[in-house]
Amino acid sequence: MATVRNLKIKTSTCKRVVKELHSYEKEVEREAAKTADMKEKGADPYDLKQQENVLAESRMMIPDCRKRLESALAELKATLTELEEENQEGQEIEDARSTIADVEKLFQTTEA
């Protein structure tokens, strides 16, 4: 049984995972720039290899984060649907709808 409390938790989870995803994307940009700078300056091959490993690990986190976001979004939608069927209304419902729209827009822009 869905409750407004569950809806708030699932909405917060989606928002947190979106923040994580953006954080990982920024980290990849930062690490890629650092790697390019090290290559340009002719850094020690060992240090360069270590930096490339850091960059690869950062890149691996993005697909994992996307999967978690998809899962969290599905749970949020299911909870929202259940509450809407019970004709529930309120700020939490609107917040959930807004979060769903934001996450779906995020997925559309990255797939295009």
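**Close-ups of a predicted helical model**

**View 1. Asparagine 87, out in the open.** Asparagine 87 counts as exposed, since its relative accessible area of 66% is over the 50% cut-off. Keep in mind that this is a predicted model. The residue sits in the loop that runs between H2 and helix H3 (91–111). Asparagine 87 follows H2 and has a positive phi, near 60°. For a sense of the fold, pick isoleucine 9 as a partner: 78 residues separate asparagine 87 from isoleucine 9 in sequence, yet their C-alpha atoms are 19 Å apart in space.

**View 2. Helix H2, end to end.** How far apart are the end C-alpha atoms of helix H2? They are 61 Å apart. H2 takes in residues 45–85, and its 41 residues should span 60 Å at 1.5 Å a residue, so the model agrees with the expectation.

**View 3. Helix H1 and what it tucks away.** H1 covers residues 4–40, which makes 37 residues. From first C-alpha to last, H1 reaches 54 Å, close to the 54 Å you'd expect at 1.5 Å a residue. Buried residues are dotted along H1, among them Leu7, Thr11, Val17, Val18, Leu21 and Tyr24. Further on, Val28, Glu31, Thr35 and Met38 are buried too. After H1 comes glycine 42, with a positive phi near 70°.

**View 4. Two cysteines that don't pair up.** Cysteine 14 is buried, with a relative accessible area of 0%. Cysteine 65 is also at 0% relative accessibility, so it counts as buried. Why is there no bond from cysteine 14 to its closest cysteine sulfur? That sulfur belongs to cysteine 65 and is 11 Å away, which is too far for a bond. Turn it around and the story holds: the cysteine sulfur closest to cysteine 65 is the one in cysteine 14. A disulfide here would need the sulfur atoms within 2.5 Å. The structure holds 0 disulfides.

**View 5. The annotated coiled-coil stretches.** An unreviewed UniProt entry carries the annotation "coiled-coil region" for residues 14–41 and 66–96. What does the model show over residues 14–41? The chain there is 96% helix and 0% strand, and the end C-alpha atoms are 41 Å apart. Residues 66–96 come out at 84% helix and 0% strand, with end C-alpha atoms 19 Å apart. Asparagine 87, back from the opening view, belongs to the loop between H2 and helix H3.

Note on methods:
Residues are numbered from 1 along each chain as its sequence is written. This is a predicted model: local features need pLDDT of at least 70, side-chain atom pairs count only at pLDDT 80 or more; totals for chains, interfaces and linings use all residues. Side-chain values use heavy atoms; hydrogens and water are left out. Helices (H or I, at least four residues) and strands (E, at least two) are DSSP runs, numbered from the N terminus. The expected span of a helix is 1.5 Å times one less than its number of residues. Buried means under 20% relative accessible area, exposed over 50%, partly exposed in between (1.4 Å probe, protein chains only). UniProt positions are given in the numbering used here, feature names are shortened, and annotations may be inferred rather than shown by experiment.
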